[in-house]
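Me: I am new to this structure and would be grateful for a close look at a single part of it. Please describe the largest pocket and what surrounds it.

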Amino acid sequence: MTTSAISPDARNTFESTIGGYTVGGRAHSLSAWFVLSLRLMMGWAFAYSGFTKITAAEPFSAGGYLANVAATNGNPLADAFTWMAATPWFVEFANVAVPWGELFIGLGLLVGAFVRLAAFFGALMMLMFYFGNWDIAHGVINGDFAYMLVFLAVAAFGAGRILGLDRLIENYDLGGQTLIERYPALEYVLG
């Protein structure tokens, strides 16, 4: 009979200290399923959104969005969005980066590969949408902000290790060492 080196209670415990403040908690054993469902939900939403933009009859164009979204409601980044809309190379970059970024972020989340990297860029994209769609009529928290937090939660909980390829990638054997042991910085993109 074998025993686990980590007790079941310890496996579901987490703690973090930032700026001298420590927070911690104990997750329910079903938490892995909820984190997996968040990863798959955001993966599907982004992959579908990117795919439909790429395959649409009319090519995706970010110019109108950039030019019109931030001019109202006291958006703190209105000048930045005005600059983006008025800069041809940036509009062309956004025309490619938004649909292909959505597709690759979504696919990474769906298969569970490079999840932390995908979630970081998903959160960054949602942050930009948050400011682009700025509307504080009902408070500063809206759907874009909430989705940004979902991406960050997916990254924080290492959702790529839950029925995902990141577990296999991290444990790939490189002559007696796993990939993550040889290149510890990969923990910031895998997981």
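Reply: The largest pocket in this predicted model has a volume of about 500 Å³. Its lining is made of 19 residues, and those closest to the pocket centre are F93, A97, V98, M125 and M128. Four elements each give two or more residues to this lining: α3 (63–68), α4 (78–86), α5 (88–111) and α6 (115–132). Of these, α5 gives the most, with seven residues.

The character of the lining can be described by residue class. It divides into 17 nonpolar residues and two polar ones, with no charged residue.

One of the residues closest to the pocket centre, M128, also belongs to a nonpolar patch on the surface. The other members of that patch are F114, L117, F120, F121 and L124, and the accessible area of the patch, M128 included, is about 520 Å² together. Within this patch, F114 is located in the loop between α5 and α6. F114 counts as partly exposed because its relative accessibility is 39%, a value that falls between the limits of 20% for buried and 50% for exposed.

A further phenylalanine may be considered beside F114. F51 is placed in helix α2, which covers residues 31–55. With a relative accessibility of 48%, F51 likewise counts as partly exposed. Along the chain, F51 and R39 are 12 residues apart, and their C-alpha atoms are separated by 18 Å.

Conventions:
Residues are numbered from 1 along each chain as its sequence is written. This is a predicted model: local features need pLDDT of at least 70, side-chain atom pairs count only at pLDDT 80 or more; totals for chains, interfaces and linings use all residues. Side-chain values use heavy atoms; hydrogens and water are left out. On a 1 Å grid over the protein atoms alone, a cavity is a set of points where a 1.4 Å probe fits but cannot get out, and a pocket is an open set with protein on both sides within 12 Å along at least five of seven lines; lining residues have an atom within 4 Å of a point. Grid points are joined across faces, edges and corners, and a volume is the space filled by probe spheres set on the points. Ala, Val, Leu, Ile, Met, Phe, Trp, Tyr, Cys and Pro count as nonpolar, Asp, Glu, Lys and Arg as charged, and the others, Gly among them, as polar. Patches are made of residues with over 30% relative accessible area and no salt bridge: like charges are joined within 9 Å, nonpolar side chains (Val, Leu, Ile, Met, Phe, Trp, Tyr) within 5 Å. Accessible areas come from the Shrake-Rupley method with a 1.4 Å probe; for residues, only the protein chains shown count as cover. A salt bridge is a side-chain nitrogen of Lys or Arg within 4 Å of a carboxyl oxygen of Asp or Glu. Buried means under 20% relative accessible area, exposed over 50%, partly exposed in between (1.4 Å probe, protein chains only).
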